[in-house]
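Reader: I'm new to this one, and I'd like to know what stands behind the labels. Could you show it to me and take my questions?

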Amino acid sequence: MPRLFASCSRAGGQRRGLTASRRFSRGHRRPRLPCSRVAPPGIEPFPVAEFVKSNAGSSTTPAKDSLLVGRGSTWVVVSAPHIEAGERILSTKFSPVLYTLSEDGSTFASSVRYENAIFGKGWLSASGTCEADDEDPGTLVVDFNAFWWDRGGERSDLRPSLSREVANATDSLITALGRLGFVKGLSKFPVLAVAEDRAVFRFPPLSSDIAIRRLEGSGEIAGARGAILDRR
């Protein structure tokens, strides 16, 4: 099958729009995908509005459905306007942004790789629970209770969890600061649409829609920029 879309290219530090690598006859619109700064190399974003329109309303309990679909797998953010805005403001690259739900659904972890000219490379992570809101079947509620920081931008530098075996003295301080700054009331995410390998939910405080792709199995992340290599 011919590839329909080329990757985003950079020019003068900014990304150009995606262009199709095959020609379309006159009178037919060329399909276009959003150009994402958050999606890691090798992972294509998808048209969020079209996906939501075609999948919204397909479930009466989208939050619970998203948890069932997500169990035992890792998802990667491919579009998030508020994260991209943060990159510009902080002059820091945030990619990949990963969400992992345990096999039994009891533990939810979020990890983001950062790269900054002054502070270097590393991972910022948090873990806790992710559950369906008791009052709203269409909303997920995240409650983080552990926070940690890993130096280095390689996948091997990232600790997937903060167990006693891998915890250090710095983790206690970071967890204390994280708990102090974490606001549970702002951690409710309405699920706009969910499918087998994709989902979109909203971050209400900034009216930002977050689009994610499911990695086949747990996948593997490697390379200096966290490129997803294994998509079995």
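Author: Here are some questions about labels, each answered with its value and its cut-off.

Author: First, this is a predicted model, where local features need pLDDT of at least 70, side-chain atom pairs count only at pLDDT 80 or more, and totals for chains, interfaces and linings use all residues. Residues are numbered from 1 along each chain as its sequence is written, and side-chain values use heavy atoms, with hydrogens and water left out.

Reader: Why is F147 called buried or exposed, whichever applies?

Author: Buried means under 20% relative accessible area, exposed means over 50%, and partly exposed is in between, using a 1.4 Å probe and protein chains only. F147 has 11% relative accessibility, so F147 counts as buried. You'll find F147 in strand β7 (strands are DSSP runs of E with at least two residues, helices are runs of H or I with at least four, and both are numbered from the N terminus).

Reader: And what makes D134 buried or exposed?

Author: D134 comes in at 78% relative accessibility, so it counts as exposed. D134 is in the loop between β6 (120–132) and β7 (139–151).

Reader: Which residues gather with D134 in a patch of negative charge?

Author: E131, E135 and D136 join D134 in that surface patch. Asp and Glu count as negative, Lys and Arg as positive, while His and the chain ends are not counted. Patch members need over 30% relative accessible area and no salt bridge, with like charges joined within 9 Å and nonpolar side chains (Val, Leu, Ile, Met, Phe, Trp, Tyr) within 5 Å. The place of a charge is taken as CG of Asp, CD of Glu, NZ of Lys or CZ of Arg.

Reader: What makes K188 and D133 a salt bridge?

Author: A salt bridge is a side-chain nitrogen of Lys or Arg within 4 Å of a carboxyl oxygen of Asp or Glu. For K188 and D133 the N to O distance is 3.6 Å, so the pair fits that rule. This pair links distant parts of the chain, with K188 in strand β8 (residues 188–194), D133 in the loop between β6 and β7, and 55 residues separating them. D133, at 14% relative accessibility, counts as buried, whereas K188, at 36%, is partly exposed.

Reader: How many salt bridges does the rule give?

Author: The count comes to 8. Among them, D209 pairs with R202, their closest N and O atoms being 2.6 Å apart. R202 is partly exposed because its relative accessible area is 33%, and D209 is partly exposed too, at 22%. Another joins K93 and E87 at 3.7 Å, N to O, and both of those residues are buried.

Reader: How do you know that the buried residues of α1 are on the same side?

Author: In helix α1 (residues 48–55), the buried ones are V48, F51, V52 and N55. They cover an arc of only 95 degrees around the axis, which puts them on the same side of α1. That arc is taken from the directions from the helix axis to the C-beta atoms. On the other side of α1, A49, E50, K53 and S54 are exposed.

Reader: What about α2, and why do its buried residues line one face?

Author: P62, A63, S66, L67 and G70 are buried in α2 (residues 62–70). Looking down the axis of α2, they fall within an arc of 140 degrees, so they line one face of the helix. Exposed K64 and L68 are on the face turned away from the buried side.

Notes. Accessible areas come from the Shrake-Rupley method with a 1.4 Å probe; for residues, only the protein chains shown count as cover.
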